[in-house]
Amino acid sequence: MQLGMEGQCINAARYCSTLDRLKEANRRKKPGLLRRGVVLQHDNATPHSANLTQQWLQRYGWEILPHPAHSPDLAPSDFHLFGPLKRHLGGMAFETEDDLISELRNWFDNLDVDFFRVGINSLLSRWQKCIDLHGDYVEK
C-alpha cells in the first residue's frame with residue numbers, strides 16, 4: 001500500500017485524480033503543451049498499471065515511457081532529487097511535521113528550473129545505459 005503526503009491510500013482513483021490536477025495545471029500554465037503530447041514516466045506500481053489509470057491515459061492520449069521492473073535507476077527522483085535533498089536536510093532537526101513541510105516547500109521553491117531540466121535530460125542517457133545493460137542496474 002502506498003500512502004500519499006496526506007496519509008491517504010494511493011489507489012487508481014486517487015492517482016487518476018492527481019493526473020486530472022496535473023492535466024489542468026499544464027493546461028493553465030503551458031497551454032500548447034498538451035496538444036504536442038505528454039510522455040509520462042511512472043513505475044509499475046498498482047495504481048499506475050490499474051485498468052482505471054490505463055483508461056485515463058488512453059482517453060487523453062498520454063504516452064507512458066516503459067519502465068523496467070525494479071529499476072530505480074530510471075526514476076529522476078531517485079538518481080537526481082533525493083541526493084541533493086538529503087544533503088540539504090542533513091543535520092537539521094524539526095520540532096513538528098509542519099516545520100519539515102515548510103522547509104521542504106522552501107527548498108523546492110528556491111530550486112532553479114535548470115535543476116529539474118538536468119534531471120529530466122539525464123534520463124535519456126540513463127535509459128540508454130539501462131537498455132545496453134539489458135535492464136540491469138545502471139550504477140554498480
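Along the sequence, the chain of this predicted model follows the pattern α-α-β-α-α-β-α-α-α. The chain thus described holds 7 helices and 2 strands. It has 140 residues, of which 27% count as buried. Among contacts with a separation of 6 or more, 61% are made by residues 24 or more positions apart. The accessible surface of the chain amounts to about 10,100 Å², and carbon and sulfur atoms account for 54% of this area.

Helix α1 covers residues 12–29. At 1.5 Å a residue, its 18 residues should span 26 Å, and the distance of 25 Å between its end C-alpha atoms agrees with that expectation. At the start of the helix, a side-chain oxygen of Asn 11 comes to within 3.2 Å of the backbone nitrogen of Ala 13. Buried positions in α1 are Ala 12, Tyr 15, Cys 16, Leu 19, Ala 25 and Asn 26.

Several of these residues also belong to the largest nonpolar core, which consists of 8 residues: Tyr 15, Cys 16, Leu 19, Val 38, Leu 40, Trp 56, Leu 57 and Trp 62. Helices α1 and α4 (51–60) each contribute at least two residues to this core. The most is given by α1, with 3 residues. Leu 19, one of the core residues, touches Leu 40, Thr 53, Trp 56, Leu 57 and Trp 62 when residues up to four places away in sequence are not counted. Apart from this core lies another, of 6 residues, including Leu 81, Leu 85, Trp 107 and Leu 111.

Within that second core, Trp 107 can be described in further detail. This residue is placed in helix α6, which comprises residues 97–109. Trp 107 counts as buried because its relative accessible area is 11%, under the 20% limit for burial. Beyond its neighbours within four places in sequence, Trp 107 is in contact with Leu 81, Pro 84, Leu 85, His 88 and Phe 115. Of these partners, Leu 81 and Leu 85 are also members of the core that contains Trp 107. The C-alpha atom of Trp 107 lies 9.5 Å from that of Leu 89, a residue 18 positions away along the chain.

Charged side chains form 3 salt bridges. In helix α1, Glu 24, Arg 27 and Arg 28 are linked in a network of such bridges. The side chains of Arg 27 and Glu 24 meet with an N to O distance of 2.4 Å, and those of Arg 28 and Glu 24 with a distance of 3.9 Å. Arg 27 and Glu 24 are 3 residues apart, about one turn of the helix. Arg 28 and Glu 24 are likewise separated by about one helical turn, because they lie 4 residues apart in α1. An α-helix has 3.6 residues a turn, so residues three or four places apart point the same way. Arg 27 is partly exposed, at 45% relative accessibility, and Glu 24 is also partly exposed, at 30%.

A further salt bridge joins Arg 117 to Asp 114, with the closest N and O atoms 2.3 Å apart. Both residues lie in helix α7 (residues 113–132), and their spacing of 3 residues therefore corresponds to about one helical turn. Arg 117 is partly exposed, with a relative accessibility of 44%, as is Asp 114, with 39%.

Definitions and conventions:
Residues are numbered from 1 along each chain as its sequence is written. This is a predicted model: local features need pLDDT of at least 70, side-chain atom pairs count only at pLDDT 80 or more; totals for chains, interfaces and linings use all residues. Side-chain values use heavy atoms; hydrogens and water are left out. Buried means under 20% relative accessible area, exposed over 50%, partly exposed in between (1.4 Å probe, protein chains only). Contact means heavy atoms within 4.5 Å. Accessible areas come from the Shrake-Rupley method with a 1.4 Å probe; for residues, only the protein chains shown count as cover. The expected span of a helix is 1.5 Å times one less than its number of residues. A polar contact is a pair of N or O atoms within 3.5 Å; within protein, one must be able to donate a hydrogen and the other to accept it, and residues adjacent in sequence count only if both atoms are side-chain atoms. A nonpolar core is a set of buried Ala, Val, Leu, Ile, Met, Phe, Trp, Tyr and Cys residues joined through side-chain atoms within 4.5 Å. A salt bridge is a side-chain nitrogen of Lys or Arg within 4 Å of a carboxyl oxygen of Asp or Glu.
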